[in-house]
Amino acid sequence: MAADAATVRRLRVLSRVIAGVRKNNASAKTLWNVEVEAPPPGAEEAHRILLTTAGLSFVADLTRTFEHGIQELYRRRAQSKCEFADGRRLPAFRHGDNSAASGDWRVAPVPSRLTNRHVDLGDVSPADIDHFRATLKADVQGIQVDFDDGHCPTWGNQLAGLLAVYRAVHGTLEGAPPITECPVLMLRPRAWNMSERHLLVDGKEVPGAVFDFALLMFHCGHILAANRSGPFFYLSKVEGAFEARLWNEIFLWAQDALRIPRGTIKACVLIENILSSFEMEEILYELREHSLGLNCGIWDYAASIIAKFGDRKEFVLPDRNKYVNMEKHFLVSYMRLVVQTCHRRGAHATGGMAAFVVEGDGSKEKLIVDKVCQAKLQEIQHGVDGFMVYDLRLVPYVNQLWECAAADVNQLSVIHPALVVSREDLLQMPAGGVTEEGLRHNIAVAVLFVFHWFKGRGHFFYRGCVEDSATAEISRSQVWQWIRHQVCMEKTNVMVTKHLVKQLTTEFVQQHPFCKADVTKMQAAAEVFMDIVTRREFPDFITTYLNQCPIFWHFQRV
């Protein structure tokens, strides 16, 4: 009976798509148990174009079809958090007990526009229309069109970002090249930890991942597919094979509903959670028809270790600026395992994003470029097929790096057959301590992230780097962990306590120019930061916390 109902709903959505219904429906009163908020000032056009009766029906039907699977995802996450928190177990590989580990299977071939994955531009929030337009003209292979780490999901930003993608794909974005001539759009919907509070289906907020994916597919899927330019996705914060299987089922449903051939969607999974590093092969297997490989990142990945095992003293992570980098054993092991797993199965393996921003005179610029190229050369030597940079000014240098360091459009032939990575390799914390400078830096990044969210921005620049939710995650996670375990700092032997962190936070706020420009938001950001780093239970994601924080939404209304 349930299957029949699901089929009826699918046919209903398909009939609306075929009919091309494009009626404005701001209140959604004609849709069954669907409530959507009116547009904020300036977003009326986006609301009218995107949130049509047919578009909302597609979102609602996808939500209802996968309600059980989504709830099971949340249940599994809650269960594993409890099991890891009390020390009952650690993650383990699933050797020999699943289909993924056996057989000579490979992921499906990717289309021609995805064979070369050398350089993507990262953290590109399409709500920042000028930056988004500039990236569309860049000499890179792809653009991480970001609704997650580098994006702040206010109602206005969400509608503006989706409309910018819509116009780029439909060829109506002023000053942008045709979709076949610009870099491929690697669309990054929000992760499962976020919800869209402005759209309710059956009285519940729609998951942010569903809202973003459904509207991008509904409005852009056909044109991208017809032009062999998508739809292609980055999938954030996936915690294992079950979640990959859920995404695969969503892909199949969406392609069937929109009459797009199965396998057209391709998705790269970001391995930015410690649990997913133990199920890489299983993740590829679940998505083998739609896989665009796996991606490495450093700060979300490191923060996830604190999120899962932070109550345990053996997992205290030292000062990240001084002691944590991609040369450390646990991160080298992680990257090599990503490369080996992907290439054995014919999938691309890509590295993380260089966050440095080129600034200053010629000598300072050279130092930044050299530092980025040296780090990325090491990733190339590990066998990655590509990586990301944020700053457009770095593009010529990393393109030249690829020309000199690699002979082909990818390194799929690079396999390390003798490589063996154990659980101990992935969980070996680097040696080192905590410095006052590192503590102050973490406080600054986390407080400024909250402050910029209050202003509706998902990323900002600080000390020559772009900072986003990934760096905010590791920053606030380390401060929470250092307070929890009463870690003493190097040189001074002063203990990290709530009192010390509050004192340093107050000093930072009082001295920062933003405090003079916007005292209310800056002081509120400091208070929110102190709450996050002193909670008894570790907040899983800083963005989830902020998305549920009344003061954040208050600042969006004033």
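How many aromatic pairs does the count come to? The count comes to 22 aromatic pairs. The model is predicted, and the sections below take up a sheet, the nonpolar cores, a group of aromatic rings and a buried arginine.

## Sheet and crossing helix

An open sheet is built from 3 strands in the order 1-5-6, and their pairing is antiparallel. Strand 1 (34-36) and strand 6 (204-207) are the edge strands, each pairing on one side only. From one strand to the next the twist averages 50°.

Strand 5 (residues 195-201) is joined to strand 6 by 4 bridges in the antiparallel sense. Val201 has Lys204, in strand 6, as its bridge partner. Helix 7 (residues 208-226) lies across both strand 5 and strand 6, and runs at about 60° to strand 6.

## Nonpolar cores

The largest nonpolar core holds 181 residues, and the members that touch the most others are Phe58, Val165, Phe213, Leu439 and Val501. Helix 16 (residues 436-454) gives the most to this core, contributing 12 residues. A second core, separate from this one, has 9 residues, among them Val184, Met186, Phe232 and Leu270. In soluble globular proteins, nonpolar side chains tend to be buried together.

Which residues does Phe213 touch, not counting those up to four places away in sequence? The list is Leu62, Pro189, Phe233, Trp247, Ile250, Phe251, Ala254 and Ile265.

## Aromatic cluster

One aromatic cluster is formed by Trp192, Phe213, Phe233, Trp247 and Phe251. A pair of aromatic rings is described by the distance of the centres and the angle of the planes. For Trp192 and Trp247, the ring centres are 5.2 Å apart and the planes stand at 45°; the pair is therefore tilted, since that angle falls between the limits of 30 degrees for stacked and 60 for edge-to-face. This pair links distant parts of the chain: Trp192 is in the loop between strand 4 (184-188) and strand 5, while Trp247 is in helix 8 (residues 241-257), 55 residues apart.

Trp247 also forms a tilted pair with Phe251, at 5.7 Å centre to centre and with 40° between the planes. Both of these residues lie in helix 8, 4 residues apart, or about one turn of the helix. Are Trp192 and Trp247 buried or exposed? Both are buried. Trp247 has a relative accessible area of 3%, so it falls under the 20% limit for a buried residue. Phe251 is buried as well, because its relative accessible area is 0%.

## Arginines over rings

Two arginines are placed over aromatic rings. The charged end of Arg76 sits over the ring of Phe242, 4.1 Å from the ring centre. Arg288 lies over the face of Tyr285, with 3.9 Å to the ring centre.

## Arg188

Arg188 is part of strand 4. Why does Arg188 count as buried? Its relative accessibility is 2%, and buried means under 20%, so Arg188 meets the criterion.

Phe147 and Arg188 are 41 residues apart along the chain, yet 5.7 Å separates their C-alpha atoms. With neighbours within four places in sequence left aside, the contacts of Arg188 include Asp123, Asp146, Asp148, Asp149 and Glu272. Also in contact with Arg188 are Gln144, Val145, Phe147, Tyr234, Ser236, Lys237 and Leu270. Of these, Leu270 is also included in the second nonpolar core.

Technical notes. Residues numbered from 1 in each chain as written. Predicted model: local features only at pLDDT ≥ 70, side-chain atom pairs only at ≥ 80, totals over all residues. Heavy atoms only, no water. Pairing = 2+ DSSP bridges. Helix = DSSP H or I, 4+ residues; strand = E, 2+ residues; numbered from the N terminus. Axes fitted to C-alpha atoms, helices over the stretch in contact; angles between N-to-C directions. Contact = heavy atoms within 4.5 Å. Core = buried A, V, L, I, M, F, W, Y, C linked by side-chain atoms within 4.5 Å. Buried < 20%, exposed > 50% of the residue type's maximum accessible area, 1.4 Å probe, protein only. Phe/Tyr/Trp six-rings, centres within 6.5 Å; stacked < 30°, edge-to-face > 60°. Lys NZ or Arg CZ within 6 Å of the ring centre and 35° of its normal.
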